[in-house]
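Me: Please take a close look at a single part of this structure, starting from one residue and working outwards to the chains around it. I would like each term to come with its cut-offs.

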Amino acid sequence: MSDKIYMTPNPATPNKGQRFDAILCNGCNACVEVCPTDVMMPHPEKEKPPIVLYPEECWFCGACIEECGTGALSMAHPLSQNISVNWQRKETGAYYRLGMKNPPPPNRRPPSGGKR
Amino acid sequence: MTTWNEYAEQRGTLPEWPYPVQYDKESEIAADVLIIGGGVAGSHAAISAARLGAKVVIAETGHLKRSGSGGSGVDHWHGACKNPCSKVTPLDYTQAVMESAHGYSNGMARYITCSEGWDTLLECEEIGVQIRDVHDEFKGAEFRDDETKLMFAYDYTNRHIMRVWGYNLKQCLYYEMKRLGVEMYNRTVVTSLLTEGGRQGGRVVGATGVNMRTGEFYVFRSKATIIASGGGGRLYSFAPELTASSSMSTMNSAGTGHAVGWDAGAEFVLMEQTGPGRLSGFGYAPYSMGNTHNTYHGTSIVDANGKEVPWFDPFGRELKTVEQRFLPNGEQRFQLGAGIGLGTYAEEYRSSDLARDLPERIRKGEFQLPLYADLTRLSEMERRCIWGMMIGNEGKSRIPIYDTLTKAGFDPDKDMLQAPVMVPEAYQHSNFWGGTPIPHLRSLAGGGFLVDWDLRTSLEGLYAAGTSPVFGAGCHGESHTMGRYAARKAAAYAKACAEPVVDRQQVAAEKARAYRPIKQNKNGAGWKELNYAIARVMQDYCGKYKNLRTLNRGLSLLKELKENEGAAAYAANPHELGRMLECFSLITLGEMVMHASLERKCSSAYLDFYRLDYPQMDPPEWEKHLPMRQEDGRVAVRELPLDFHLKAPYAPSYEENYERHAH
């Protein structure tokens, strides 16, 4: 990686609506193809994860993730919204939130409807 | 490496536009039926027309597989009055809606959609949408019919609102369109309607569009055209860096269909009706916070000490049991359920809700913030149905909410989901994730094309379908059904009509207008700057409160935005061009709202409409529609009784009109 410091605009906001795992992503651009608002653009090089060019146009529907066959893609609502998603365990009174350090173990129950 | 900044920093160069740019390249596409907007209404219209043998072309701003406000799923379907378990007739339902809206709704669209909504849903089942509890997950539940395995929402006695597993519904529509050979134009922003001889008010013979990836120009020539586009989500509240995820409509929702219809001379009603901009305001991610509205209807709400907020029926009687939240109470025959495009509900049809004086009780300290949604207080079946079936199938809830929260450890059997902490007044409405309503943020609430019993607009060859383009029309299921119905009428018209002839001068003028933003001096404003300015003008001059002067001033400012900053605005690539063209549509949409607001010289509680210069609320002489259109570029207004759909030239009853027109 270059050590040079460039003049760049501020990071686009929200910062990380879509996150790609560069190892899992095969650059198929299926997510790019279906995104309702064209948030992502194909990478100039083959097999590289797409470039998130217009993050502020994302409406967080999850289409890109549903379309992804590799599991490389995850999403997060803007931090200003995720910071608000809190819950409390009734029995213990413990507080949790989305994005916390040391989160509780995942609940693995699939949604109703079975496999499609 | 996934962001533009990372790419630029690591490479020291900028990535080139990834698609071939073909500005000015023109393609002409012929159709029997052209559909503008490929959400659920447009997609269902395409299927319906193609099954009747029409050559169908559909133009969509996003990608048809997953686009549209209903494109990411649905968990319940209203007005399925003809399902085998329903105890509500289409007439009961329509009259309840019209009474609730005090006549300011669309009796035709309501009657059509609740007469055919069940058939539409069966069509969805045939193409792969689960509408029954086929895995017997909810066997024996009060909201399930064990014989048909159908499941119901809101009113478990009357069973006209279905719970459905619609999370993949848009993909099912997409593959069916493909199978039927529907010609699809994704990434296409429609910029105008083409009319016979280029004349405003003439027969509609097609449309123009620009591709948002390549910049290519399309001329669609069509025998019949259906507008099935979205509303104007970006008109009043535009702050995408903050709020896209709290929005119920995508960035593509720019009122394009309204705008091109208005310019073509079509007639509109109820454009003056707006509601609180709650859903597209500065709220929280949809369904991500504790609440008890809509998809969460019936969820118990407790305060910070675990004290439960009581429920009341619409007549002010406290409910004794959880079960009563899902049943009609006292003299109620049935409940309509929420989220059907109504600003007001008559008590006879309104659902039970949290104590209406909850804000006051919070202020006095009776309930301490934060509040929580406590699903553990519901039966196991109900809990699993709300969290797992409905949250999991409703739009934007499968990945963003169900998957995200369960992976993060949320367990509805053990945990209470916190409601947002807000000013006490904000708890008046039980959809807490909408956040504190901001008075100057409004959303369009029912205005659209004036249609007839064929869902035809006032222009020959132009039909409308969907809850945004058609005035006063409902929600998700209704959009499908209107699409299905309008397409039958459009296909029949296309079979009989004369060959459409496109006016070349009209095309040339439109092409010049559409490409202006790429040919500008680069000092011009960008589309976002322009959009922010449009939203500001709407908020300030046509907010909840307005008068003659603010509206006239607002109209002048919109005109200036169009002729000065808008005319000089710059777009760097086809994407920005598409967004800019949508902004031009937004300006037109704003003008329509302001013109309509000027014409209604009274205030109205039913329309949530407040004229400071005409403060009298709902005077009887103003209880009427004010259809407006453009004629030679000037606004022309007439009057129409609220029950015009049951007056000459129509028959006096819903049943008779439907029988005459539906087939």
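Reply: A residue is called buried if 20 or more other C-beta atoms lie within 10 Å of its own, exposed if 12 or fewer do, and partly exposed in between, with the C-beta atoms placed from the backbone. By that definition, buried residues make up 60% of the 663 residues in chain B. This is a predicted model, in which local features need pLDDT of at least 70, side-chain atom pairs count only at pLDDT 80 or more, and totals for chains, interfaces and linings use all residues. Residues are numbered from 1 along each chain as its sequence is written, while chains are lettered from A and ligands numbered from 1 in the order in which they are written.

The part to look at is Ser585(B), whose place is in helix H15 (residues 574-599) of chain B. Helices (H or I, at least four residues) and strands (E, at least two) are DSSP runs, numbered from the N terminus. Ser585(B) counts as buried because 26 other C-beta atoms lie within 10 Å. The helix around Ser585(B) is mostly covered as well, since 24 of the 26 residues of H15(B) are buried.

The expected span of a helix is 1.5 Å times one less than its number of residues. For the 26 residues of H15(B) that comes to 38 Å, and the end C-alpha atoms are 38 Å apart, so the two values agree. In general, an α-helix has 3.6 residues a turn, so residues three or four places apart point the same way.

Two residues are in contact if their C-beta atoms, placed from the backbone, lie within 7 Å. Once neighbours within four places in sequence are left aside, Ser585(B) is in contact with Ala254(B), Gly255(B), Thr256(B) and Ala259(B). Pro620(B), by comparison, is 35 residues from Ser585(B) along the chain, and the C-alpha atoms of the two are separated by 34 Å.

The wider setting is given by the domains of chain B, whose bounds come from an automatic or database domain assignment. That assignment gives domain 1 (26-104 + 164-280 + 443-496) and domain 2 (512-627). The C-alpha centres of domain 1 of chain B and domain 2 of chain B lie 21 Å apart, and 37 residues of domain 1 are in contact with 30 residues of domain 2. On the side of domain 1 of chain B that touches domain 2 of chain B, at least two residues each are supplied by strand S6 (188-195), strand S7 (204-211), helix H7 (256-264), strand S9 (268-269) and strand S10 (274-276) of chain B. H7(B) provides the largest share of that side, 5 residues. For the classes, Ala, Val, Leu, Ile, Met, Phe, Trp, Tyr, Cys and Pro count as nonpolar, Asp, Glu, Lys and Arg as charged, and the others, Gly among them, as polar. The side of domain 1 of chain B that touches domain 2 of chain B then has 17 nonpolar, 15 polar and 5 charged residues.

Further along the sequence, strand S22 (residues 628-631) and strand S23 (residues 634-637) of chain B pair in the antiparallel sense over 4 bridges, where two strands pair if DSSP finds at least two bridges between them. Met628(B) stands opposite Val637(B) in S23(B), and Arg629(B) stands opposite Ala636(B). The hairpin of S22(B) and S23(B) has 2 residues between the strands, and Asp632(B) takes a positive phi near 50° there.

Taken whole, chain B holds 16 helices and 24 strands. Its radius of gyration, taken over C-alpha atoms, is to be set against a globule rule of 2.2 Å times the number of residues to the power 0.38. Chain B has 24 Å, close to the 26 Å that the rule gives for 663 residues, so it is as compact as a globular protein of that length. Among contacts in chain B between residues at least 6 apart in sequence, 75% join residues at least 24 apart.

Chain B also meets chain A, with 61 residues of chain A in contact with 66 residues of chain B. The largest share of the side of chain A that touches chain B, 4 residues, comes from S5(A). That side divides into 33 nonpolar, 16 polar and 12 charged residues. S5(A) pairs with strand S15 (residues 415-418) of chain B in the antiparallel sense over 3 bridges, and Leu417(B) in S15(B) is the bridge partner of Trp87(A).
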